[in-house]
Structure formats: C-alpha cells, structure tokens
Amino acid sequence: MNVFNYLSDVIRMEIEALCDAGALPAGLDLSSVSVEPPREAEHGDAACNAALVLAKQARRKPREIAEHLAERMEGRVEIRAAEVAGPGFVNLRLTDEFWWARLSELLATGPGYGATNLGGGQPVNVEYVSTNPTGPLHVGHARGAVVGDALANLLAHMGFAVTREYYVNDAGAQVDTLARSVHTRYREACGEAIGTIPEGLYPGDYLVPVGKALAARDGRRWLEEPESAWLPEIRRFAIDAMMDLVRADLDALGVRHDVFRSERELVDEGRVDDAYAALEAAGLIYSGVLEPPKGKRDEDWEPREQSLFRASAFGDDTDRPLRKSDGAWTYFATDIAYHRDKIERGFTDLIDVWGADHGGYVKRMKAAVAALSGDSASLDVKICQMVKLLDGGEPVAMSKRAGRFVTLRDVVDEVGRDVVRFIMLTRRNDAPLDFDLRRVTEQSRDNPVFYVQYAHARACSALRRGAEIVPEPELAPAALARADLTSLDDPAELDLIRRLCQWPRVLVGAALAHEPHRIAFHLQELAADFHLLWTRGKDDPRLRFVDGERPAETRARLALISAVKIVIAEGLALFGVEPVQEMR
C-alpha cells in the first residue's frame with residue numbers, strides 16, 4: 001500500500017461526505033488535494049492541504065474546512081489524532097496498529113514491494129552515454145551512464161516498456177580526426193618513426209593497438225595511398241574499434257543498451273533530408289539572418305542568410321540554423337532527424353541524459369520534438385554535472401593511457417563497479433559531484449555506499465543469529481508477516497516502520513520525476529534509522545534484535561529486520577548494485 005495515496009483517497013471520501021451533509025458545497029474540484037509527509041516529524045505522520053486548496057471554491061475559511069475535516073478523520077479507526085495547524089493544514093497521526101499492519105503487508109509482498117504497473121506498458125526511450133566514438137569513456141561519462149541505466153531500471157520496475165539507447169555520433173569532423181589519428185598509429189605499427197603526435201590529433205596510447213590491428217589486417221596497403229582513398233575505410237575501422245572499447249567499458253560498469261543508432265546511417269539513409277522536408281512542409285523552415293550571439297561585437301559577426309527552424313515558436317529563445325555556410329547539415333539538423341526517428345519508432349516519451357556542456361541545447365531540442373510530433377511527444381533532458389575525481393581530497397592526476405583524462409575503467413578497477421554506481425547517484429544529476437577514491441572505500445558512516453551496504457549486512461547477520469532461536473522456515477518473510485508485531489512499540493521502531501512504508505511513494509515519485517537519486521537518499525535515511533535502532537539495542541537490552549529469553553519479541557524484531565533487508569536489496573538492485581551479506 002502507498003500510505004499517502006490511501007490517505008488521499010480517504011480524505012476525498014470524507015470531503016464528499018461533508019458535501020453530502022451540506023457542510024461544504026457540492027461539485028468541488030478535488031484534483032489538487034494531496035497528502036504528503038510533513039516537513040517536521042513532530043507534526044505527525046501525514047499532512048493534508050485540502051482546506052487550503054478548497055477554500056476559494058468552497059467560499060469558506062481554510063480553518064473552518066480543516067476543522068470539519070479533522071473531526072471526521074478522528075472518527076476513523078486508523079487515525080489516532082487529526083490536528084489543524086497553521087493556516088489550515090490537517091496533520092494526521094496514525095495508530096500503531098495501522099503501522100504494524102503495513103509492516104505485515106510489506107513482508108507478505110516480499111521482494112517487489114512498492115512496485116506498481118504505473119507505466120501500464122507505455123513505451124519509453126532512454127538515451128544515455130552517446131559519446132563521440134573517439135576514445136575510451138572517462139569518469140565524467142560514468143555519471144551519465146549510471147543515471148541513465150538506473151533510471152531505465154526504475155521505469156521498467158514500475159511498468160514502463162523501456163528501450164535503452166545509445167546514439168553513436170559517427171558523422172562529424174571528430175571521426176575524421178580519429179581516422180587520421182589511427183592512420184598515424186598505423187604508420188607507427190608499420191615501422192615508421194612518427195615523432196610527436198601532430199597537434200589536433202588524438203594522442204592517447206589507446207590508439208596504439210588499433211593501429212597495430214589495422215596493420216595486421218591490411219599490411220602496408222595504406223602507406224602510399226592519398227587520404228581520400230584511406231580515410232573512409234580507416235574511419236569505419238576506427239569507429240568499430242572505439243565502439244568495441246566503449247562497450248567493454250560499459251560492460252565493466254554493468255551498463256547495457258538495447259539499441260545503438262548510428263548518426264552516419266541516418267545521414268546516409270536520407271533521414272536528415274526527410275526531417276527537413278517535414279518541417280518545411282509544416283511551414284517551420286524559412287530563410288533568414290540571425291542576430292549576433294550575445295556578447296559578440298557587430299564587427300566580429302558576419303551576417304548571412306541561412307535556413308532557419310522556427311524554434312522560437314515552440315519555446316526556444318531564438319530560431320536555429322539547420323545548414324552550415326558550406327551547405328552541410330548542422331549538428332542540430334542531424335539531432336532533429338534522430339529524434340524524429342525515435343518518434344517514428346513509436347516513442348512519445350523520450351528521455352535524454354546529457355553532459356553538462358549540452359545545457360544550452362535543451363530548449364532547441366525540446367522545441368524540435370514538439371514541432372515534429374505536433375506536441376504529442378515529450379522530451380525530458382537530464383543534465384549531468386561534472387564529476388571531480390579526488391584522492392584524499394587531492395585532484396587525481398591525468399591518465400597516460402587516455403592522453404588527457406581519467407578513464408572510467410581506471411576508476412572501476414580502482415574501487416569496484418558497485419561503488420561507482422552507487423556514488424554516482426548520491427547527488428542530484430544537475431549538482432556537481434566530488435568522487436574521492438579514498439573516501440568511497442572507507443568503512444565509515446561518511447561513506448554512503450558503505451553505510452547502506454552495512455545496514456544490509458547487519459540485517460543478514462541478525463537473521464542468521466535469529467535462526468538459532470526461530471526455526472529457519474519461520475524466518476521467511478511470508479512467515480514473519482504472521483508474527484505478533486505489537487511489541488514493536490518503541491518510537492525508534494515505529495519510526496523505522498514509517499520509513500519502510502514510504503518506499504512505495506519514493507518509487508512512484510522517483511519514476512514520475514525521472515530522478516533515481518531519490519532512491520539513494522531514501523536508502524541512506526533508512527540505513528540511518530536502522531543503525532540508530534541497532535545502537536540503542538546495545539544500550540537497552542529490551543530493544544535487542546535477538547534475545548533467546550524473549551522469543552515473541554525476537555520474532556517481531558526479526559520481521560522488522562527482514563523488511564529492512566527487503567527494501568535495501570530492492571533499492572540496490574535498481575541501481576545495479578549487489579547487496580552484500582557481510583562486510584569484509
């Protein structure tokens with residue numbers, strides 16, 4: 001049960017009863033009525049805004065409505081108290097019996113608790129990583145990869161039909177530079193002295209084996225040929241080699257994609273021309289001259305007539321060019337074609353995970369999707385801010401293998417896949433993230449991945465000790481759901497149950513907002529509540545999880561522990577993180 005959805009339904013039912021009784025006018029719009037956890041725990045278990053949002057249409061003072069509603073709510077068996085607060089909030093306190101029933105429900109459900117068919121099978125396309133295929137992934141790419149992968153896991157868990165997609169940017173000038181760089185390494189593999197890598201080429205050592213592989217396949221074939229002859233062939237070879245490297249890096253991080261869509265294929269198939277023609281037919285293309293960019297002096301700006309897309313008609317700041325001065329397509333034009341390709345494949349719910357350097361690109365792309373779909377498709381862009389890699393607070397030196405950056409594989413090899421995945425989700429995607437190699441491997445409460453994993457390991461340990469008192473079949477969650485839970489009456493125990501019962505709401509909120517970091521926040525709060533209760537049990541024998549002289553209380557606390565284990569394991573699974581049974 002989503003407790004807050006349940007209470008919202010109850011509130012609406014009681015408001016309708018007040019309308020029937022004449023205390024409120026009939027026909028009230030209840031769509032804005034909500035029940036949420038209060039900001040301060042001392043205000044109760046839930047807070048309702050009904051009186052505030054209904055006052056104007058009901059032509060009543062908010063507190064008058066709140067008092068009527070509180071009186072009715074106090075008559076319900078699951079409500080211990082209903083209090084009017086502030087300008088007209090109704091704060092609800094639920095009975096212990098209600099929370100014990102929810103704990104039993106969690107255990108009876110077991111793994112999968114909180115999951116719903118929220119998506120109803122609706123197709124969703126999640127595009128993430130999508131880096132230029134010019135080298136290995138770096139630590140900054142890891143963040144977008146993890147955010148996208150965890151979001152795809154979450155949406156699939158909540159009933160959406162998710163397609164995980166990677167857009168291969170293999171049609172721009174950067175892949176020609178890659179081909180020239182590989183040709184240089186190919187010459188080196190054939191025995192030529194290449195000296196210092198020329199300025200403008202990719203210098204990383206990761207291209208050395210690519211050059212050797214090309215030499216092994218083609219021998220000395222390309223040494224005397226002009227660039228016009230070898231560039232297309234070596235470009236294809238280099239892109240394939242780089243994508244093999246990218247896939248290997250993603251595999252090391254546990255990230256997978258269902259579709260790899262090539263930009264070059266879109267161009268070759270004429271899909272950019274088709275998208276342009278579609279916009280032109282809709283009257284959304286015209287020839288015009290743009291204003292100089294902000295901050296650029298008139299004498300530094302050369303006005304020229306261009307083919308422009310009416311992006312400003314769909315919320316963008318200005319109209320956007322689709323062709324360069326030489327007649328070639330702009331990056332935006334090929335991106336329009338790519339998103340049109342997604343829409344034509346049946347996706348109306350599009351999510352793109354981009355790096356921080358693409359922030360200024362969001363409005364134009366949303367405008368294009370609106371124009372292409374007639375506003376029937378939506379695009380949500382999640383911008384991932386930079387990752388600062390540290391070691392004990394000091395910046396990490398650059399990677400020699402990569403040439404200019406620290407590779408994703410370097411970090412995964414250093415601290416492990418699970419650590420990288422969890423830490424990348426401990427901040428909002430649009431907030432900068434410090435990734436300290438030393439801190440993320442410390443066994444301390446300041447390390448969020450350790451703190452959450454330690455809670456799971458502690459739960460496993462307590463259940464193993466509980467097996468010495470309670471027969472193992474009775475430790476199954478379904479069996480513990482039938483335990484007498486009335487001894488769980490300490491405030492810390494009830495707080496932990498309340499935290500566990502927020503899990504369905506957290507899942508729905510994270511899925512609807514496309515924010516998987518909410519799960520990390522909840523797991524950390526849940527772990528903190530659990531560790532607090534564990535510590536209290538050391539000081540107060542009455543709160544010990546396992547006590548051979550108190551079998552009934554032990555069963556109840558093992559039920560609580562089992563629920564903690566279930567929720568943490570479910571959350572970690574959504575992140576692609578393996579929950580540990582014991583800490584080493």
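This passage describes the fold of one protein chain, from its overall dimensions down to single residues.

The structure is a predicted model. The protein chain holds 20 helices and 15 strands. Its C-alpha trace spans about 90 × 60 × 40 Å along the principal axes. Of the 584 residues in the chain, 53% are buried. The accessible surface amounts to about 26,300 Å². Carbon and sulfur atoms account for 47% of that surface. Contacts often bridge long stretches of sequence: among those between residues at least 6 apart, 72% join residues at least 24 apart.

The chain is divided into three domains, one of them built from two segments. Domain 1 covers residues 3-94. Domain 2 combines 100-114 with 444-575. Domain 3 runs over 173-253. Between the C-alpha centres of domain 1 and domain 3 the distance is 68 Å.

Five strands form an open sheet with parallel pairing. Their order is β7-β6-β5-β11-β12. Strands β7 (259-262) and β12 (378-384) stand at the edges. Each has a single partner strand, so one side of each is left without a neighbour in the sheet. From one strand to the next, the twist averages 25°. Within this sheet, β5 (residues 123-127) pairs with β11 (residues 349-355) in the parallel sense, over three bridges. Here V126 of the sheet stands opposite I351 in β11.

Antiparallel pairing appears around strand β9 (residues 306-309). On one side, β9 pairs with strand β8 (residues 285-288) over four bridges. Y286 stands opposite L308 in this pairing. Strand β10 (residues 320-321) also pairs with β9 in the antiparallel sense, over two bridges. There, R320 in β10 is the bridge partner of F309. In a regular strand the side chains alternate between the two faces of the sheet. Both faces of β9 are covered. Q306 and L308 are buried on one side, and S307 and F309 are buried on the other.

Helix α4 comprises 14 residues, from 96 to 109. From its first C-alpha to its last, α4 reaches 20 Å, close to the 20 Å expected at 1.5 Å a residue. The buried residues of α4 are F98, W99, W100, R102, L103, S104, L106 and L107. An α-helix has 3.6 residues a turn, so residues three or four places apart point the same way. The buried residues of α4 pack against four helices and one strand: α1 (3-20), α16 (477-480), α17 (491-501), α20 (551-574) and β4 (89-94). After α4 comes G110, which has a positive phi near 70°.

Strand β15 (residues 433-436) contains L433. This residue counts as buried because its relative accessibility is 2%, and buried means under 20%. Which residues are in contact with L433, leaving aside its neighbours within four places in sequence? They are R143, M386, V387, K388, I423, M424, T426 and R427. P25 lies 408 residues from L433 along the chain, and the C-alpha atoms of P25 and L433 are separated by 52 Å.

Technical notes: Residues are numbered from 1 along each chain as its sequence is written. This is a predicted model: local features need pLDDT of at least 70, side-chain atom pairs count only at pLDDT 80 or more; totals for chains, interfaces and linings use all residues. Side-chain values use heavy atoms; hydrogens and water are left out. Two strands pair if DSSP finds at least two bridges between them. Axes are lines fitted to C-alpha atoms, for helices over the stretch in contact, and angles run from 0 to 180 degrees between N-to-C directions. Buried means under 20% relative accessible area, exposed over 50%, partly exposed in between (1.4 Å probe, protein chains only). The expected span of a helix is 1.5 Å times one less than its number of residues. Contact means heavy atoms within 4.5 Å. Accessible areas come from the Shrake-Rupley method with a 1.4 Å probe; for residues, only the protein chains shown count as cover. Domain bounds come from an automatic or database domain assignment.
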